[in-house]
Amino acid sequence: LLCENCTTEHGKTPALKDHNIITLHDLKNPNSRSQYTQAEYCPKHTDQSMTFYCQPCAKLVCRECTITEHQPGLNHNLQDVSNVAQKYKEELQRLEDKTRNKVDALEKTEDAVDEELSSITANCQTVKEEIQEHFANLRAKLDKAEKDVNDKLDGMEMSQKEPLLRKKHNLEDTLKSTKDAFEFCTGTLTRSNESDVEIVALRQLIEGKLKLLSSRKTVKHKAVKHHISFQPSSNVFKSYLLDNNDPIVIAEPPVESLPTTIILRSSLWHPLGYNPQVTVTAPGGKCDKLDCKEISRGVFDAVWRPQVAGQHVVAVTTGGGGDSIEGAGKTSTQRGSRFRRWGKNQLQRLMTGRGKGENAGNGASSESVTPYSPLTVDVGS
């Protein structure tokens, strides 16, 4: 920084003649930047700044060069640097504007990609929440289904135990009174060895009690085989508790127009093939055939929606699937036990290969086999 006196002395010094002095106001003004930017000097004439531009040569030159190598003429077109700079500045400005448009377009594209990425993230987060809610609902339904079936099992257990508990209570009372009377008699007889008077005095009482006890009918308990089985369904939210070993079970009490489930269970005595079919005959004689679905190994279910109230007959047929009669000899040795519940005529008919669709030569039968006795069911209204 120079004061006014220093500025005056600075201008008088020959060695400092090429220095440009600017004010602080010009230094802060961008339009005055050209006054204090460093000038380019000619490499050949080092004391000359390059103030011209030779258009054909595309080269900056100094005043000395315009006299020696770049004299104006056919091959050299000299222009003032400031004019050329203005021209190039306009061209570069247009290119800059074009480039800025490209930058803006790229920024918009980047924003669009960011927006799409954010949209994907938000969408996936929403779907994750839906998945969590869905499986939380499934778990809640499964938990409720488990609680319901356990509550039902508790009820079935209590219903099976209640009559036995009452019977046990009555037996305990009877046993206690019997033992008390018996112990009185045996105690008196034991003491009679010491007191003849007591035995004579109590003879009639003891004799009466012993005769009464000996004449009591012996209470025998005929055990009833209680068996509850759990049967899953093809519907994961539905299962069944079955309180018997019957091969045909109606899972829910049938009601007119409401669906109920028929469960079939295969066993040695009740073999099922691969394609059992349930036929339900209504009171008026109308027959409905129900398709069965295997819900576990050897267990099938069929959905039945009765249309009228009253007694219906449920029958099961099966054929093929490994349960057709393969020959009289083989049937009698390997499968005879399966047919013990069948009628004599039906067995003889199957064993000899007579009947519709049978081949007497090899004993094979293609007709449907009925391994179950028909079940009569009352449908409520």
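**Exercise 1. How many bridges join strand 8 to strand 9, and do the two run parallel or antiparallel?**

Solution.
- Note the ground rules: this is a predicted model, where local features need pLDDT of at least 70, side-chain atom pairs count only at pLDDT 80 or more, and totals for chains, interfaces and linings use all residues. Residues are numbered from 1 along each chain as its sequence is written, and side-chain values use heavy atoms, without hydrogens and water.
- Locate the elements: strand 8 covers residues 277-281 and strand 9 covers residues 287-291. Strands (E, at least two residues) and helices (H or I, at least four) are DSSP runs, numbered from the N terminus.
- Count the links: five bridges join the strands, which run antiparallel. Pairing requires at least two DSSP bridges between two strands.
- Pick a facing pair: T279 stands opposite K289 in strand 9.
- Inspect the connection: five residues lie between the strands of this hairpin, and G285 in the turn has a positive phi of about 100 degrees.

**Exercise 2. Is H70 buried or exposed, and what does the side chain of H70 contact?**

Solution.
- Place H70: the residue sits in the loop between helix 4 (63-67) and strand 3 (78-80).
- Classify H70: it is buried because its relative accessibility is 6%. Buried means under 20% relative accessible area, exposed over 50%, and partly exposed in between (1.4 Å probe, protein chains only).
- Find the polar partner: the side chains of H70 and H76 make a polar contact at 3.3 Å. Such a contact is a pair of N or O atoms within 3.5 Å; within protein, one must be able to donate a hydrogen and the other to accept it, and residues adjacent in sequence count only if both atoms are side-chain atoms.
- List the contacts (heavy atoms within 4.5 Å). Leaving aside neighbours within four places in sequence, H70 touches C54, C57, K59, V61, C65, H76 and L78.

**Exercise 3. Describe E146 and L117 in helix 5.**

Solution.
- Start with the helix: L117 is found in helix 5, residues 81-191. E146 is found in helix 5 too.
- Classify L117: its 48% relative accessibility is why it counts as partly exposed.
- Classify E146: it counts as partly exposed because its relative accessibility is 48%.
- Look beyond the helix: E146 and F237 are 91 residues apart in sequence, yet 8.6 Å apart in space, C-alpha to C-alpha.

**Exercise 4. How many helices and strands are in the chain?**

Solution.
- Count: the chain has eight helices and 13 strands.
- Add burial: 22% of the 381 residues are buried.
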